[in-house]
Amino acid sequence: MPAFQKNIVEKIKNNSIKNLTSIAFDLEDSVLDEKLSDAEKTLEIILHDLKSLNKKLPLIFIRVRSPQHLQAIHEKFSSFTEIITGYLLPKFDLNNAENYVDAISEINFNREMPLYFMPIFETENIAETENLIEIKNLLESVQDFILNIRVGVNDLSNIYGLRWNFNHTVYDIGVVRDILISILKIFSKDYVVAGSVWNYFGDEKNLAWADGLKKELNLDKLNGFIGKSAIHPSQLPYIFDSLKVTQSDLNDAEQILNWTSDSHGVAKVSGRMNELKCHYKWAEKIKILSEIYGVQNDKNLV
C-alpha cells in the first residue's frame, strides 16, 4: 500500500482485514517523486502509532527506491526497527545489486535480530539469463537475509507495452512468462520465489476478477511460486487459501517423509504414484506449507 495510508493503523487495531499477515509500505512507484518527503513523514507517524498499539502486528516491510534511499530510510526509522521486519528492494539488477548487497551487510552487521530483504526483479536487465546467474552469485554472501525473491510483472510487461485482463493470466504473455520461468529455474532451488501482483479486485457481487486470480494462483503453485503480492484486502482470502495444502498432498508427503519400505522406492496411494527419490523435496515443501498455512479438503481447491 502507498505509505500515505494512515487508516491502516485503525484497521490493524480492530482486526478488520482478514488474513492480513504482512504489509509493505510503498515509498516507490505508488508515490510521486515530489511527494516522497510527505510520504516519509506520514510513514513515520504510522510506524509510531503501530508501535504504540501494544499488540501483535503483521510483518512490516518498507519498499524503498534505491540503495542510497535504503540507507537513509533505515537511519530515519532506526527507532522503529523492533517492529520492522525488513525492506523491499525494487528494480534489483546488475546496475544496483552490489550497492544493495553492501547495504544489506552493513545494516545487519552486529544486529541480534536480523532485518530481511526482498529483491524485486522487474527490469529489462534481468531478462537475460546470464545476468540472473551473476545476480545470484552476488546475493550468495547475504543469502541468510533474503526472505524471498519477488517479481514485478507490471514493470516487465511495460517493457513490451503489454497488459493482461482478468480473462487471462500473466502466463499467457509469452515474453513475460519466459522471464518468470528463467527466474524460477535459477533461484527457486535455493530461495523462495513469490508470485506477482494481480491487478484486479472487487466485491462479492461480481467475482470475475476472483476467478482470474484463482486461475493464476493455481498456475503460480504449479510452476513453483510461493506466495503472492496483494494490492487490495479482497484478494487476501484467495491468496491465503491457495497456500493451504490439500489433505491428499499432505498424506502423500507424510508417507514419503516417513518411508517404511526397506526394499521399494515407489508406492501406490490414492490413485497416483509416490516415488521416494523423485518426490522427497516436494514432500518437504508440502509439510512446511501445511504447518504455516494449514490444510484444506481436496473438494475446496482454490
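**Reading a sheet, its helices and its rings**

Guide: Welcome! Let's start at Phe92, which is buried, with a relative accessible area of 0%. Please keep in mind that this is a predicted model.

Visitor: Thanks! Which ring is stacked with Phe92?

Guide: Reading a ring pair takes a distance between centres and an angle between planes, and planes under 30 degrees apart count as stacked. The partner of Phe92 is Tyr100: the ring centres are 5.4 Å apart and the planes stand at 10°, so this pair is stacked. Tyr100 is buried as well, with a relative accessible area of 0%.

Visitor: Which residues make up the aromatic cluster?

Guide: Phe92 and Tyr100 join Phe121, Phe187 and Tyr191 in one cluster. Across the model, the count comes to 10 aromatic pairs. One of them is Tyr87 with Phe117, a stacked pair with 5.9 Å from centre to centre and 25° between the planes. Tyr87 belongs to strand E3 and Phe117 to strand E4, so their pair ties together parts that are 30 residues apart in sequence. Both Tyr87 and Phe117 are buried.

Visitor: That brings me to the strands. In what order do they lie in the sheet?

Guide: To read a sheet, follow it from neighbour to neighbour. Here 5 strands form an open sheet, ordered E1-E2-E3-E4-E5, and their pairing is parallel. E1 (22-26) and E5 (150-151) each have a single partner strand, so at these edges one side of each strand has no neighbour in the sheet.

Visitor: How many bridges link E3 and E4?

Guide: There are 4 bridges between E3 (residues 86-89) and E4 (residues 116-121), in the parallel sense. To find your place in that pairing, look for Gly86, which stands opposite Tyr116 in E4.

Visitor: And which helix lies across E3 and E4?

Guide: That is H3, residues 67-76. Helix H3 also lies across strand E2 (59-63), and it runs at about 160° to E3.

Visitor: Now for helix against helix. How are two packed helices described?

Guide: By the angle between their axes and the distance between the axes. Take H5 (residues 129-139) and H7 (residues 174-187): they pack at about 35°, with axes 10 Å apart. The crossing of H5 past H7 is right-handed.

Visitor: Which residues of H5 and H7 meet?

Guide: From H5 come Thr129, Leu132, Ile133, Ile135, Lys136 and Leu139; from H7 come Ser182, Ile183, Ile186 and Phe187. By character, this contact divides into 7 nonpolar, 2 polar and 1 charged residues. Phe187 is a name you have met already, as a member of the aromatic cluster.

Visitor: What about the backbone: what sign does phi have in most residues other than glycine?

Guide: In most of them it is negative. Two asparagines here go the other way. Asn19 has a positive phi of about 65°, and it sits in the loop between helix H1 (8-13) and E1. Asn54 has a positive phi near 60°, and its place is the loop between helix H2 (36-51) and E2.

Visitor: Are they buried, partly exposed or exposed?

Guide: Asn19, at 22% relative accessibility, is partly exposed, while Asn54 is exposed at 75%.

Visitor: One last stop: which residues does Thr42 touch?

Guide: Leaving out residues up to four places away in sequence, Thr42 touches Ala3, Phe4 and Lys6. Thr42 itself is in helix H2. Its relative accessibility is 14%, and buried means under 20%, so Thr42 counts as buried.

Conventions
Residues are numbered from 1 along each chain as its sequence is written. This is a predicted model: local features need pLDDT of at least 70, side-chain atom pairs count only at pLDDT 80 or more; totals for chains, interfaces and linings use all residues. Side-chain values use heavy atoms; hydrogens and water are left out. Two strands pair if DSSP finds at least two bridges between them. Helices (H or I, at least four residues) and strands (E, at least two) are DSSP runs, numbered from the N terminus. Contact means heavy atoms within 4.5 Å. Axes are lines fitted to C-alpha atoms, for helices over the stretch in contact, and angles run from 0 to 180 degrees between N-to-C directions. A crossing is left-handed if the near helix is turned anticlockwise from the far one by less than a right angle, and right-handed if clockwise. Ala, Val, Leu, Ile, Met, Phe, Trp, Tyr, Cys and Pro count as nonpolar, Asp, Glu, Lys and Arg as charged, and the others, Gly among them, as polar. Buried means under 20% relative accessible area, exposed over 50%, partly exposed in between (1.4 Å probe, protein chains only). Rings of Phe, Tyr and Trp (its six-membered ring) pair if their centres lie within 6.5 Å; planes under 30 degrees apart count as stacked, over 60 as edge-to-face and the rest as tilted.
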